[in-house]
Amino acid sequence: HEARAALFPTPSGDASMAAEIAGHREVLSLKGGRAGQLLRLLYYRNTEGKAAGSQVVTDAMNVLRSQAGVDGPELPVFGRPAHPGDDIYLDMGDGDWSAIRINTNGWEVVTRPPVRFRRTKGVLALPVPQKGGDIRALRRFLNVANDDDFHLLVTTLICCFFPAGPYPVVLLQGEQGSAKSTTARVLAELLDPSVPILRAQPREGRDLMIAATNRWLLSFDNMSELPAWLSDAHCRLATGGGFSTRELYTDEDEALFDAQRPVI
């Protein structure tokens, strides 16, 4: 019933925990959510069926956050792709926390990647890749005008695998029924399947940056217009930019968001 964990802060200051659970490593934010569920489960199992009170869990989480922020070494965490060296690792999003290692020699699925992936709500698993494929098979699922457009789209997909940008902003235009949403869904499911796979237009920059901290690829659907502020925000997101706002329930502290993401 024991779980081993390492506490550390991320470069952005998020207190985190890398825990060995059921034979695999999970990286959890100590803000709550799954980390709180794990603490409640461990308490239940180690006290022979007693439930931990909410204040007990809150106090324990506060101590863990303090330990992570003061005692732990600063370590990076990643979304779908990670680039610790010459290799690219792509989180498969499966229950085993496996990843695809990609380098100049090809690719392979590894069960214990040497990088720390963080998953958020709604992340779905990628299909297990198969060798011997042909990228041209993708063409029949996309409504593009010609080979040049298809080659541009494939190049865009490859750029989205890079852990660092700048990234492309893909704009799909066409009349009603021209498969814009379908094309966006196909691209998103290839790179970063999630729920929801397509999002509505964000109402403000804060909403956009919160979405970017929880997803690798952002795909927005049914946008009849692109306001100037949102166009600027997409450019900042593609090239790398931050957003700050007042921390909830405080007068002086800032909540800082910093992300660099591909956008459809």
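Helices (H or I, at least four residues) and strands (E, at least two) are DSSP runs, numbered from the N terminus. The model is predicted: local features need pLDDT of at least 70 and side-chain atom pairs count only at pLDDT 80 or more, while totals for chains, interfaces and linings use all residues. Residues are numbered from 1 along each chain as its sequence is written, and side-chain values use heavy atoms, with hydrogens and water left out.

D71 belongs to the loop between α2 (54-70) and β4 (81-82). With a relative accessible area of 60%, D71 is exposed; buried means under 20%, exposed over 50%, and partly exposed in between, for a 1.4 Å probe and protein chains only. Its C-alpha atom is separated by 8.0 Å from that of L7, and the two residues are 64 residues apart along the chain.

Two non-glycine residues with positive phi can be described next. E48, in the loop between α1 (34-46) and α2, has a phi of about 60°. E48 is exposed, at a relative accessible area of 79%. W97, in the loop between β5 (88-91) and β6 (99-103), has a phi of about 55°. At 10% relative accessibility, W97 counts as buried.

The ring of W97 also takes part in a cation contact: the charged end of R119 sits over this ring, 3.9 Å from its centre. A charge sits over a ring if NZ of Lys or CZ of Arg is within 6 Å of the ring centre and within 35 degrees of the ring normal. K131 and W107 give another case, with the charged end of K131 over the ring of W107, 3.9 Å from its centre.

L124 lies in the loop between β7 (106-110) and α3 and is partly exposed, at 37% relative accessibility. Contact means heavy atoms within 4.5 Å. Leaving aside neighbours within four places in sequence, L124 is in contact with R80, M92, G93, P193, S194 and V195. The C-alpha atoms of L124 and V195 are separated by 7.3 Å, with their positions 71 residues apart along the chain. V195 is joined to P196 by a cis peptide bond, with omega about -5°. P196 is in the loop between α4 and α5.

Two packed helices are described by the angle between their axes and the distance between the axes. Here the axes of α3 (residues 147-160) and α4 (residues 180-191) come within 11 Å and cross at roughly 35°. Axes are lines fitted to C-alpha atoms, for helices over the stretch in contact, and angles run from 0 to 180 degrees between N-to-C directions. Where the helices meet, L153, L157 and C160 in α3 are in contact with L187, L190 and L191 in α4. By class, this contact has 6 nonpolar, no polar and no charged residues.

What is the count of aromatic pairs? It comes to 1. Rings of Phe, Tyr and Trp (its six-membered ring) pair if their centres lie within 6.5 Å; planes under 30 degrees apart count as stacked, over 60 as edge-to-face and the rest as tilted. The ring centres of Y167 and W216 are 5.4 Å apart and the planes stand at 85°, so this pair is edge-to-face. The pair links distant parts of the chain, 49 residues apart: Y167 is in the loop between α3 and α4, and W216 in the loop between α5 (205-214) and α6 (228-239). Y167 is buried, with a relative accessible area of 6%, and W216 is buried, with 8%.

Key:
Ala, Val, Leu, Ile, Met, Phe, Trp, Tyr, Cys and Pro count as nonpolar, Asp, Glu, Lys and Arg as charged, and the others, Gly among them, as polar.
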